[in-house]
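Student: Got a minute? I'd like to go through this structure with you, ligand site to begin with.

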Amino acid sequence: MCGIVAYIGKKNAFPVVLKGLKRLEYRGYDSAGVALLSKGNLLVYKKAGKVSNLEDYANQFDISGHIGIGHTRWATHGLPTDINAHPHVSMDGTIALIHNGIIENYDSLRKELINQGYVFKSETDTEVLVHLIDNISKKEKVWFGEALRIALHYVIGAYAIVAISKDYPNRLVAARKSSPLVVGIGTEGDFYLASDASPIVEYTKQVVYLNDEEIAVIDLENDGLKLYNIGDQQKTPYIQQLELELEALEKGGYEHFMLKEIYEQPRSILDCFRGRLNTNEGWVSLRGIREYEDKMIQANRLVIVACGTSWHAGLVGEYLIEDLARINVEVEYASEFRYRNPIIDERDVVIAISQSGETADTLAALELAKSKGATILGICNVVGSSISRITDAGSYTHAGPEIGVASTKAFTAQVTILALMALTLAQKKGTITQSALHTMLAELESIPNKVKRVLESNGHIERIAAQYKDVSNALYLGRGNSFPVALEGALKLKEISYIHAEGYPAAEMKHGPIALIDENMPVFVIATQGNSYEKVVSNIQEVKARKGKIIAIVTEGDIHVREIADEVIEIPETNECLVPLLATIPLQLLSYHIAVMRQCNVDQPRNLAKSVTVE
Ligand code: M6R
């Protein structure tokens with residue numbers, strides 16, 4: 001949710017931290033702040049609003065200093081104001097701290113600290129941390145890093161924390177539990193810390209991902225980086241090489257990251273299946289889960305847990321795996337699964353789908369499944385993310401960094417992995433013939449080019465967007481594996497343009513939503529050729545009979561729907577199983593254009609954050 005950046009070394013920390021905050025702004029953008037150690041002083045600048053507000057404000061001052069911490073916030077406790085922005089500072093102005101996560105027992109800690117004379121300035125849960133560390137440091141007469149370690153024993157909740165103190169101008173301390181934190185080892189004896197690698201990659205490719213309940217102490221005068229657990233045992237840092245490239249984090253000439261990411265899909269889908277299938281030899285393989293294929297085939301059931309767009313991909317996966325591999329699949333909202341005492345045991349395989357790999361509910365659902373003995377697998381985009389590290393095995397989607405808050409290329413990559421998974425299991429279980437497998441693989445290989453062809457309709461889609469940009473409501477309909485596409489289309493529209501939209505199985509419309517239809521209601525229908533085509537056409541007729549406006553996604557060359565729909569958008573013909581990979585693209589573009597025309601902030605929609613690390 002929030003973004004954390006820190007620097008310690010010889011460079012001027014402020015520009016490094018500020019640039020890092022801009023890269024992390026997709027994680028939270030309601031307020032931002034920095035703290036720097038400069039010539040024996042602790043300087044703190046905080047501003048509500050975007051990082052650019054902070055930049056304008058802080059640039060009035062002459063800021064220098066070689067240690068700096070910065071934070072971009074997504075409010076949980078307290079409004080997005082200057083005061084509630086991080087860093088928070090101890091009462092004596094010595095220690096400054098930034099935090100991502102939620103301190104669940106903050107209320108009792110706060111009361112206890114108030115009883116001891118602490119005065120709170122903000123409404124945040126985070127401020128208890130800085131006062132607690134100060135309190136322990138003074139009472140136990142220990143330095144702030146040791147006080148932080150002790151403080152963590154009193155804290156319930158999730159955290160990534162970075163703290164500095166003006167009493168220790170060469171040290172920086174960080175800790176994590178259930179919120180990501182990565183340390184970059186610079187080339188000039190300097191160090192970078194961040195919520196993800198994006199602020200680090202332009203300086204170094206050597207990184208250490210902190211594990212839960214690990215503390216990083218960076219002391220420029222004493223061997224640099226040292227890692228400890230909260231029991232104070234020293235640990236050896238595991239240094240990894242980043243594969244991320246800087247260009248992947250830039251807009252590359254596009255007006256918005258979302259548009260760039262929509263246009264990246266031919267490449268991201270290709271990257272996702274590259275090396276994982278061979279049409280000529282007729283095989284498909286996901287190396288990451290190879291050891292678990294038998295377990296999956298023999299499983300009582302596969303349970304997919306996810307949130308938001310990833311949950312929609314899970315629904316497509318259910319169709320694919322049940323249809324092709326004939327294995328029982330259930331798809332659960334991670335947030336519901338974790339709290340309803342699900343019946344789950346060692347015969348089940350639980351698969352988490354998550355772009356970020358950090359979503360708190362999905363992580364918790366996995367932990368629950370693991371505690372009940374299930375095998376846990378992951379489908380993640382972010383390499384080294386928490387989900388990818390706690391799962392028994394898994395597959396990366398290789399879509400590259402997704403910066404726009406609205407998920408686009410991550411969705412199509414997740415669906416691609418699920419198609420590969422379904423085919424792998426079907427091949428192993430013998431539920432697909434070799435010739436059918438060959439046909440499916442060839443079809444999958446043709447998808448990137450077909451996506452390119454769909455993208456060529458952008459101008460046509462933009463014109464349709466212009467006609468519907470002012471509506472207040474919209475309905476999305478689909479059947480079979482196009483139903484999750486309808487859900488995804490509706491989510492894309494509502495999250496970036498703030499138009500109320502609902503996705504429905506087309507046949508369900510007559511059980512309620514049909515009451516909403518009048519001449520002002522646009523109904524987006526996925527009406528491609530396939531088993532349900534005739535049925536969907538009947539649903540379209542039902543909408544037309546009530547004067548609703550039909551915008552249909554149809555297979556190239558379709559004549560029938562064209563005659564009754566107000567608008568059609570053609571997509572190339574493909575195997576019915578793979579239609580979601582193509583039908584999603586026009587809906588992404590429609591939402592994008594409508595949001596731009598409504599002057600919404602496409603990449604950073606209101607109230608949202610890219611990575612939801614709170615429940
Ligand atoms: O990182 P995850 O895939 O776990 O995130 C899950 C949802 O928060 C995410 O898909 C969200 O719904 C997107 N904003 C949708 O565009």
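Tutor: Sure. Start with K492: a polar atom of its side chain lies 3.0 Å from an oxygen atom of the ligand. Keep in mind that this is a predicted model.

Student: How much of the ligand does the protein bury?

Tutor: The protein buries 91% of it. That is out of the 410 Å² that the ligand exposes when taken alone.

Student: OK, back to contacts. What does S310 do at the ligand?

Tutor: The side chain of S310 has an N or O atom 2.6 Å from an oxygen atom of the ligand.

Student: And S407, side chain or backbone?

Tutor: Backbone. An N or O atom of the S407 main chain lies 2.8 Å from an oxygen atom of the ligand.

Student: Which residues come nearest to the ligand?

Tutor: There are 15 residues around the ligand. S310, S354, S356, T359 and E495 come nearest.

Student: What is the make-up of that shell?

Tutor: It divides into 8 polar, 5 nonpolar and 2 charged residues.

Student: Which helices supply at least two residues of the shell?

Tutor: Helix 9, residues 308-325, and helix 16, residues 483-497. Each supplies at least two.

Student: Which pocket is the ligand in?

Tutor: The ligand sits in the second largest pocket.

Student: Where does the ligand lie relative to the domains?

Tutor: Between domain 2 (254-454) and domain 3 (457-601). Both give residues to the shell, so the ligand lies between them.

Student: New topic: backbone oddities. What kind of peptide bond joins H86 and P87?

Tutor: A cis peptide bond, with omega about 0 degrees.

Student: Where is P87 placed?

Tutor: P87 is in the loop between strand 4 (67-73) and strand 5 (88-89).

Student: What about K39, is its phi positive or negative?

Tutor: Positive. Phi of K39 is near 45 degrees, and K39 is a residue other than glycine.

Student: Which loop holds K39?

Tutor: The loop between strand 2 (31-38) and strand 3 (41-48).

How values were computed:
Residues numbered from 1 in each chain as written. Predicted model: local features only at pLDDT ≥ 70, side-chain atom pairs only at ≥ 80, totals over all residues. Heavy atoms only, no water. Near = heavy atom within 4 Å. Polar contact = N/O pair within 3.5 Å; in protein donor to acceptor, adjacent residues only side chain to side chain. Areas by Shrake-Rupley, 256 points an atom, 1.4 Å probe, with all protein chains shown as cover. 1 Å grid on protein atoms, 1.4 Å probe; cavity = no way out; pocket = protein on both sides within 12 Å on 5 of 7 lines; lining within 4 Å. Sits in = over half its atoms within 2 Å of the grid points. Helix = DSSP H or I, 4+ residues; strand = E, 2+ residues; numbered from the N terminus. Nonpolar A, V, L, I, M, F, W, Y, C, P; charged D, E, K, R; others polar. Domains from an automatic or database assignment.
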